[in-house]
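Q: Could we go through this model together? I would like to begin with the core and then turn to the surface.

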Amino acid sequence: MSETMTMNRVIHQAVRRDLGRLEAALAAAGDGDTARAQQLERAYANLHRELTRHHEGEDQYIFPFLAKAGLPSDLLTAMDDEHHAMADALGLTRAAMAGYAASGSAVDAETARASVARTRAVVDQHLDHEERDLEPLLEPHMETAEWKVVEKQLRRASPVVVGKFFAWVQDGMSNEGHAYLRATVPPPVTAVLGRVAGRGYHRDIAPVWRS
C-alpha cells in the first residue's frame, strides 16, 4: 500500500475518526439523555453529508477519469459496488440515529451503536481497498493536465461548504494530515475558510466530541 499522504487519505482519516468516536460515544450514552442523543445525531448527519459529497465527487469525476486512463474495469466496478453498499449502510445508520435522537433511550443508543459498528466495517473495507489497490494506479496520473481539470471540478463548492469541510477534517487531525495540508494548501486559506466560513461546524458539531 502506498504511504503517500493525499487529500483522499485526509478525508479517509476524518471518516474513520468520526465513526470511531461516534461508536464510543454511543456506547457511553446514558439512558434518557435526549439532548445528547440529538447532539450525536447532528454529528452523524455532518459525517454522512461529508462522506456522501466525497463519494459523489468520485462517482462524477474521478472514476470516469480513471476509466478513460485505462484502469481495470473490474476494479472500478468494485469501487462503484462498494459505494452503493456504503450508501445503504449509512442510510440504515441514519434511521437508527433518528430513532435514538427521538427517544434518548439506552436501548436505542445500543441499536444505533451496533448500526454504526456495521457501517464502520463496510466503510473501512472500502477505504482500505481504495487505498491499497486504486491509489497506486492513480498516482502516475496526478501531475497530468487532465487530472488538474478533475481537481478543479472537485473543488467547486460554495465557501460555506468548503469552510465546513476544512473545519471538519482538521478537528482531531493527525500530525501527518496537518503537514500535508500545510504543504498543499496555503495556511491562510485553511485558517480563514475553516474558522470563518466553517464557523457552523465549530458551533454545532465540534462541541459534540468534547462533551
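A: The following exchange covers the nonpolar core, a charged surface patch and one pair of residues in this predicted model.

Q: Which residues of the largest nonpolar core touch the most other members?

A: They are Val-15, Leu-40, Tyr-100 and Trp-168, in a core of 41 residues.

Q: And which elements give two or more residues to this core?

A: Those elements are α1 (7-27), α2, α3, α4 (106-138), α6 (159-170), α7 (175-184) and α10 (206-210).

Q: Which one supplies the largest share?

A: Helix α1 does, with 8 residues of this core.

Q: Changing topic to the surface: which residues form the negative patch?

A: Glu-56, Asp-59, Asp-80 and Asp-81 form the negative surface patch. Two elements, α2 (34-68) and α3 (73-103), each give two or more residues to the patch.

Q: Where is Asp-80 found?

A: Asp-80 lies in helix α3.

Q: Why does Asp-80 count as partly exposed?

A: Its relative accessibility is 32%. Asp-80 is therefore placed in the class between buried, under 20%, and exposed, over 50%.

Q: On to Asp-128, then. Where is its place?

A: Asp-128 belongs to helix α4. Asp-128 has a relative accessible area of 33%, so this residue is partly exposed.

Q: How far apart are Asp-128 and His-12, in sequence and in space?

A: In sequence, Asp-128 and His-12 are 116 residues apart. In space, the C-alpha to C-alpha distance between Asp-128 and His-12 is 9.3 Å.

Notes
Residues numbered from 1 in each chain as written. Predicted model: local features only at pLDDT ≥ 70, side-chain atom pairs only at ≥ 80, totals over all residues. Heavy atoms only, no water. Patch = residues over 30% accessible without salt bridge, like charges linked within 9 Å, V, L, I, M, F, W, Y side chains within 5 Å. Areas by Shrake-Rupley, 256 points an atom, 1.4 Å probe, with all protein chains shown as cover. Salt bridge = Lys/Arg side-chain N within 4 Å of Asp/Glu carboxyl O. Lys, Arg positive; Asp, Glu negative; His and termini not counted. Charge placed at Lys NZ, Arg CZ, Asp CG, Glu CD. Helix = DSSP H or I, 4+ residues; strand = E, 2+ residues; numbered from the N terminus. Buried < 20%, exposed > 50% of the residue type's maximum accessible area, 1.4 Å probe, protein only. Core = buried A, V, L, I, M, F, W, Y, C linked by side-chain atoms within 4.5 Å.
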